[in-house]
Amino acid sequence: MKIINVSLPDGSAHEVEAGTSAMEILKDLLGKQASRAIAVRVNGDAVDLATPITEESLLEPITFDSEEGCRIYRHSSAHIMAEAVLDLFPGVKFAIGPAIENGFYYDFELDHVLREEDFDAIESEMAKIIALDEPFERLVEPRAEALQICQDMHQPLKVEHIQSGLAAEETLSFYRQGEFLDLCRGPHVRSAKVIGRAFKLLSIAGAYWKGDHKRQQLQRLYATAFWERSDLEAYLERLEEARRRDHRVLGRQLGLF
């Protein structure tokens, strides 16, 4: 059994068994505080909590309170939303689904025209996925195998992305939760239930693949997610107040009131 030293941001040093996951180490050393960790920095690199620690390392927990933690949390939420859309509309083609300021989006190519009337069904499906609490599992594949996986899944946009945007990469990573698999760099939250119930679909827009107006138009589904339900509700209230102010300004400009 190999013993290694790990240290925390407070400067404390501890001996642990090599190969122990970052999550197990944080639980042992931080107790309940570890439950707020979304991911972890290991010697400066952000990785999943399931990552085994095999050498002397500085572990820095990443929480939702940080910009990086918020981004990871919302990007994981985008994966859950994409899985929900696939469950409801089989055959959907996936483009990209990044975190953005105040939320996240995912671009889809599908025959069904998404409308706000679909939001309740998508959110309900997301809640079911979260309740299953399946782990986010990272898979690393050689380039040729990664390309074949995307071809077998009938995901031509992912195939193109590997062939062009990721042309220099020798290996590529995927994340799986349950039966859903997506090409992704990560990191992600440890499991679906970390997302909780503080999420909301917001709007739909059109977007061209690769931002090129000569390419196919995709459907962009915008949403947001927060650590606490109260923060989500406060954010939605701010959006509603902004809309009310816009309406009042427009009404005065048009002489309606």
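Which residues in helix α1 (residues 22-30) are buried? Keep that question for the second stop, and begin with the whole model, which is predicted.

**Stop 1: the whole chain**

Show the complete protein chain and colour it by secondary structure. Six helices and 15 strands should appear. The C-alpha atoms fill a box of roughly 75 × 45 × 30 Å, taken along the principal axes. Now switch to a surface view. The accessible surface comes to about 13,900 Å², and 48% of that area belongs to carbon and sulfur atoms. Of the 257 residues in the chain, 41% count as buried. Contacts also link distant parts of the sequence: among those between residues at least 6 apart, 64% join residues at least 24 apart.

**Stop 2: helix α1**

Select residues 22-30, which make up helix α1, and show the side chains of A22, M23, I25 and L26; these four are buried. Look down the helix axis. The buried residues are on the same side of α1, because they cover an arc of only 160° around the axis. On the other side of α1, find K27 and D28, which are exposed.

Next, add the strands that the buried residues of α1 pack against: β1 (3-7), β2, β3 (20-21), β4, β6 (52-53) and β7 (57-63). Before leaving the helix, click on G31, just after α1. G31 has a positive phi of about 65°.

**Stop 3: the five-stranded sheet**

Some of the strands just added belong to a sheet. Trace its five strands in the order β2-β1-β7-β4-β5; the sheet is open and its pairing is mixed. At the edges are β2 (13-17) and β5 (45-47), and each of them pairs on one side only. Turn the view to look across the strands: the twist averages 40° from one strand to the next.

Zoom in on β4 (residues 37-42) beside β5. The two strands pair in the antiparallel sense over three bridges. To see one pairing, select V40 and look across to V47 in β5, its bridge partner.

**Stop 4: the three-stranded sheet**

Now move to another open sheet, with three strands in the order β11-β12-β13 and antiparallel pairing. Select β11 (137-142) and β13 (180-183) at its edges. Each has a single partner strand, so one side of each is left without a neighbour in the sheet. Neighbouring strands here are turned by 30° against each other on average, direction ignored.

Strand β12 (residues 171-177) and β13 pair in the antiparallel sense over four bridges. Select Q177 and F180 together: F180, in β13, is the bridge partner of Q177. Then add helix α2 (residues 67-88), which packs on this sheet and touches β12 and β13. The direction of α2 makes about 125° with that of β13.

**Stop 5: T224**

For the last stop, select T224, in strand β15 (residues 217-225). Is T224 buried or exposed? T224 counts as buried because its relative accessible area is 0%, and the cut-off for buried is under 20%.

Show what surrounds this residue. Leaving out residues up to four places away in sequence, T224 touches R74, N102, G103, F104, A198, F199, K200, L202, L232 and Y235. One of these neighbours, N102, deserves a distance label. The side chain of T224 reaches the backbone oxygen of N102 at 2.7 Å.

Key:
Residues numbered from 1 in each chain as written. Predicted model: local features only at pLDDT ≥ 70, side-chain atom pairs only at ≥ 80, totals over all residues. Heavy atoms only, no water. Pairing = 2+ DSSP bridges. Axes fitted to C-alpha atoms, helices over the stretch in contact; angles between N-to-C directions. Contact = heavy atoms within 4.5 Å. Buried < 20%, exposed > 50% of the residue type's maximum accessible area, 1.4 Å probe, protein only. Arc of directions from axis to C-beta. Areas by Shrake-Rupley, 256 points an atom, 1.4 Å probe, with all protein chains shown as cover. Polar contact = N/O pair within 3.5 Å; in protein donor to acceptor, adjacent residues only side chain to side chain.
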